Amino acid sequence: MDQIISAINHWKGRITHSHIDVRAALIDMDGTLYDSMRNHTAAWYRLMTEQGIDCTREEFYLYEGMTGASTITRLWQRQWNKIPDLQLINDLYFQKTQYFNQLPAVLPMPGAKQMISSLLKADIMTVLVTGSGQPSVLDRLNNDYPGAFADSHRVTALNVTHGKPHPEPYLKGMEMAGVKYWQSMAIENAPIGVESAVASGAFTVALTTGPIPAETFAASGADLVLPSMQVLADIMPELLKHLRL
Ligand code: CA
């Protein structure tokens with residue numbers, strides 16, 4: 001409980017609005033709604049090593065949340081000091097998606113269904129905010145989380161100009177839900193996603209569902225850092241009591 005109070009005080013301390021009243025939850029997909037990061041990092045590592053890029057599998061956890069195009073550009077610049085052209089980016093992202101799809105199917109993150117149903121029961125609008133453009137995961141949302149993510153409530157790689165860590169994806173999510181930052185909470189699992197959410201002004205929850213330590217999320221500005229989606233699901237009813245007027 002003390003953790004909830006101090007998280008909300010942290011949020012209030014960094015925003016200028018005089019009160020808070022959360023009406024919408026803006027939720028990341030990979031590593032948050034789906035336990036998919038192992039597959040993403042494996043697919044990226046396979047693609048990039050085949051392309052002759054020096055890299056480690058772990059570093060792809062740090063790029064999580066960026067669009068595929070940004071990840072490809074970043075590694076090309078680092079290795080060859082060159083910017084890849086659009087055709088090459090599209091070909092490589094397509095290949096990465098193929099490698100991802102060859103891996104075992106990803107499952108919903110444990111606790112995520114319970115968390116979503118707590119939100120819906122409390123009349124909190126739910127909006128997807130992902131850097132992904134991969135149809136294989138996006139297409140599963142309606143099945144795994146029925147009623148939660150209408151097409152009109154999805155921010156993806158396809159409808160933003162600037163990906164995370166820029167605040168645009170979260171700001172766009174607020175616009176879709178018709179809410180302001182002081183009416184929004186964001187749920188993330190990657191430092192770049194946390195930076196984006198924090199910059200948008202939303203109350204930001206970081207889940208340490210991968211190998212990145214809690215301190216990194218606190219340093220990125222997260223208001224509340226929790227060890228798993230299940231923990232968030234369990235405290236959500238209590239958290240919402242403090243986030244609503
Ligand atoms: Ca993520």
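**Exercise 1. In which loop is Pro165 found?**

Solution. The structure is a predicted model. Begin with the position in the chain: Pro165 is found in the loop between S3 and H9. Next, consider the peptide bond that joins Lys164 and Pro165, which is cis, with omega at about 15 degrees.

**Exercise 2. Describe helix H9 by its buried residues, its packing partners and the residue that follows it.**

Solution. Step one is to list the buried residues of H9 (residues 168–177), which are Glu168, Pro169, Tyr170, Gly173, Met174 and Ala177. Step two is to find what these residues pack against: strand S1 (24–27), strand S2 (125–129), strand S3 (154–155), S4 and H10. Step three looks past the end of the helix, where H9 is followed by Gly178, with a positive phi near 70 degrees.

**Exercise 3. Identify the residues that coordinate the calcium ion, and explain how Glu64 and Asn189 relate parts of the chain.**

Solution. First, name the donors. Asp28 appears twice through OD, and the other entries are Asp30 (O), Glu64 (OE) and Asn189 (OD1), at 2.3 to 3.2 Å. Second, write their spacing in sequence, which is D-x1-D-x33-E-x124-N. Third, locate the pair: Glu64 lies in the loop between helix H3 (59–62) and helix H4 (68–80), while Asn189 lies in the loop between strand S4 (184–188) and helix H10 (191–200), so the pair ties together parts that are 125 residues apart in sequence. Fourth, apply the cut-off for burial, which is under 20% relative accessible area. Glu64, with a relative accessible area of 7%, is buried, and Asn189, with 4%, is buried as well.

**Exercise 4. Determine which residues of the largest nonpolar core touch the most other members, and which helix gives the most to this core.**

Solution. The largest nonpolar core has 57 residues, of which Leu33, Met48, Met115, Met185, Phe203 and Leu232 touch the most other members. Helix H12 (residues 229–243) gives the most to this core, with seven residues. Now take Leu33 as a case: when residues up to four places away in sequence are not counted, Leu33 touches residues including Ile27, Pro108, Met109, Ala112 and Phe149. Finally, another core, of 13 residues, lies apart from the largest one, and among its members are Leu26, Val129, Val155 and Met174.

**Exercise 5. Characterise the largest pocket by its volume and its lining.**

Solution. The largest pocket holds about 320 Å³ of space. Of the 17 residues that line the pocket, the closest to its centre are Thr67, Gly68, Ala69, Gly131 and Ala157. Turning to the helices, H4 and helix H5 (86–102) each supply at least two residues of the lining, and the largest share, four residues, comes from H5. Sorted by character, the lining divides into seven nonpolar, nine polar and one charged.

**Exercise 6. Are Asn81 and Asp123 buried or exposed?**

Solution. Locate each residue before judging its accessibility. Asn81 lies in the loop between H4 and H5, and its phi is near 55 degrees, a positive value in a residue other than glycine. Asp123 is found in the loop between helix H6 (112–121) and S2, and its phi, near 60 degrees, is also positive in a residue other than glycine. The cut-off for exposed is over 50% relative accessible area. Asn81 has 71% relative accessibility and therefore counts as exposed. Asp123, at 65% relative accessibility, likewise counts as exposed.

Terms used: Residues numbered from 1 in each chain as written. Predicted model: local features only at pLDDT ≥ 70, side-chain atom pairs only at ≥ 80, totals over all residues. Heavy atoms only, no water. Donors = N, O, S within 2.8 Å, 3.2 Å for Na, K, Ca; no water. Buried < 20%, exposed > 50% of the residue type's maximum accessible area, 1.4 Å probe, protein only. Core = buried A, V, L, I, M, F, W, Y, C linked by side-chain atoms within 4.5 Å. Contact = heavy atoms within 4.5 Å. 1 Å grid on protein atoms, 1.4 Å probe; cavity = no way out; pocket = protein on both sides within 12 Å on 5 of 7 lines; lining within 4 Å. Points joined across faces, edges and corners; volume = space filled by probe spheres on them. Nonpolar A, V, L, I, M, F, W, Y, C, P; charged D, E, K, R; others polar.
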